[in-house]
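This report concerns salt bridges, surface charge, helix packing and backbone conformation. The sequence and the structure are shown below.

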Amino acid sequence: MVTASIRSFDPVLPNEPDEALLAAVIELSKDLELKPLLRRFVETAAELTGAQYGALGVLNAEGRFDDVVIHGIDAETAALIGDGPHGEGVLGAIIAHPHTLRVPDIAAHEASVGFPEHHPPMSSFLGCPVVIRGQVYGNIYLTNKRDAEEFSARDERVLEALASAAASAIAHARTLAEAGARERWHRAAAEAAQLLSQLPPAQAWPQVVARFDSILTANHVEHVPGHRSAARLGDLAEELLLAPRARFFTHDVAARLVDERMRCAMVVPLASDGENPELLLFAWDRPTLSLDPEPMEAIGQTIADRLSVATLLAYRHAEAERVAILEDRDRIAQDLHDHVIQRIFAAGMRVQSALPRIDDEVAVEKLDAVITDLDETVTDVRRAIFDLHTGGAALALAHTVDQLAAQAQDALGFAPSVSVSGAYWTLDDALVTDLLAVMREALSNAARHAHASAVRVVLDVGDEVLVKVTDDGRGLPEHLERRSGIAHLVARAERLGGTCVIRARRSGGTAVVWRVPNRRAAVTP
């Protein structure tokens, strides 16, 4: 029968003064970086107890190892073994019951599950938890006592004392690491906010991602526009978008969000003009030992709040610039009409009035040619004026949608809310005409049939163009789908290679979802 000492973790120094242990405790307190500290802790524990092998498993919130520091096994052997320990067998016994455990033979212990191929033989075992502020940070394991068949009670006491000292040092190192991480995150956020204030969002975001990538040393940094966020999150979309906030995830979710190599990830939502928030997605292929999920999420939310303001200001600034351009087009068109055309026309009239007084036929022919040139110039200028007015249809789309919603206020009894996002100013005028017709018909149906208290109009332009009109009313009557208005919505979408769906909302009311491919987005480099 295997005898094992399992008792509550209450570290006590050995009865006799141990200069080597005291020196090790002092040495551990000097380490300021977490990773070297953990490695030094395992090496010191093995040295003081005479263990051939040692390991420290850092636990995550799910009770699994996020990282393992190993001593005594060379890199070549470790590569042959493959993945490090996962916390099963005897190791798992301490995870399940965080107390000191000492056994003479691992293989004879009831929790033993054996060793993987290429693993060196191990017999005697000593392990205990590392407890920081009442929470188990990880477990240290020692095997193969060099000069005896098993570890002694004194070894047990030494390891517990060393684990207690290491816990204090680890807590200090983590505090420093957390401060350093916060500084890096805030520096990245400050540079991102500056970029968003200087450049249009479409140009700023690639540079923002590059700055986060270099400052945070993440393995994966990605900006996801609002119109793509639901599709990008997949089956996590409902959970993460229902109540958007910064979320930190370990391996399983990180693998689903990016790929199997990732050990942890964080999703940071940013406010946007669209229906869904924009996202910043970070992922690491190593555990972020410097921070736990809770402080990571707190940092992420601070960054989200800061960049959300910067993002909205950037979109507002871009919108103001587009409005200014539109106003300039109108002013130029008016100046061309009121001044240039009139002066050219007057010049032509003066030349024409002088022709009867000229006897030289060659001069008359030349002046006739001048009059013809002036007439053609007037035609060209008028065409330019027309282009200035009509060519701004996409540029003025956001303002036009606002006007359309305002016009529907009398019929609805309230003002619909409007959200316009994406590069809508790049759309061609023909598609703009279709979009406005779709919105007008959907608003008209809501006014006539929904009996709603709220209506929302969403236009989102990305790889596809989405128009979504929702209400909280009683729903559309069944026979409405046969009406020509609804048929026209479907026909417009199909003509452009898209779809139109009219459906009941889970929360009550109706949603009209009209989407077509964005031809210009498809050819934009």
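A salt bridge is a side-chain nitrogen of Lys or Arg within 4 Å of a carboxyl oxygen of Asp or Glu. By this criterion, the structure, which is a predicted model, holds 14 salt bridges. Three of the pairs are listed here.

| Pair | N to O distance | Relative accessible area |
|---|---|---|
| R187 and E183 | 3.5 Å | R187 35%, E183 43% |
| D235 and R256 | 3.1 Å | D235 62%, R256 47% |
| E239 and R247 | 2.9 Å | E239 43%, R247 15% |

**Salt bridges**

E239 is partly exposed, whereas its partner R247 is buried. Elsewhere, K145, D147 and D155 are joined into one network by salt bridges that share partners.

The salt bridge between D235 and R256 links distant parts of the chain, 21 residues apart. D235 lies in the loop between helix 7 (226-233) and helix 8 (237-242), and R256 belongs to helix 9 (residues 251-257). D235 counts as exposed and R256 as partly exposed.

The salt bridge of R187 with E183 is set within helix 5 (residues 153-198). Because the two residues are 4 apart in that helix, about one helical turn separates them. An α-helix has 3.6 residues a turn, so residues three or four places apart point the same way. Both R187 and E183 are partly exposed.

**Surface charge**

A patch of negative charge on the surface is formed by D359, D360, E361, E365 and D368. Within this group, E361 is found in helix 11 (residues 361-390) and is exposed, its relative accessible area being 62%.

**Helix 12**

Helix 12 spans residues 397-407 and includes D402. Its buried residues are L397, A398, V401, L404 and A405. Viewed down the helix axis, these residues fall within an arc of 120 degrees, so they line one face of helix 12. D402 is partly exposed, with a relative accessible area of 42%. A separation of 9.6 Å lies between the C-alpha atoms of D402 and V457, which are 55 residues apart along the chain.

**Backbone conformation**

Where do the non-glycine residues R133 and N144 with positive phi lie? R133, with phi near 50 degrees, occupies the loop between strand 5 (125-132) and strand 6 (135-145). N144, with phi of about 60 degrees, lies in strand 6. R133 is exposed at 70% relative accessible area, whereas N144 is buried at 11%.

Key: Residues are numbered from 1 along each chain as its sequence is written. This is a predicted model: local features need pLDDT of at least 70, side-chain atom pairs count only at pLDDT 80 or more; totals for chains, interfaces and linings use all residues. Side-chain values use heavy atoms; hydrogens and water are left out. Patches are made of residues with over 30% relative accessible area and no salt bridge: like charges are joined within 9 Å, nonpolar side chains (Val, Leu, Ile, Met, Phe, Trp, Tyr) within 5 Å. Accessible areas come from the Shrake-Rupley method with a 1.4 Å probe; for residues, only the protein chains shown count as cover. Lys and Arg count as positive and Asp and Glu as negative; His and the chain ends are not counted. The place of a charge is taken as NZ of Lys, CZ of Arg, CG of Asp or CD of Glu. Buried means under 20% relative accessible area, exposed over 50%, partly exposed in between (1.4 Å probe, protein chains only). The arc is that of the directions from the helix axis to the C-beta atoms.
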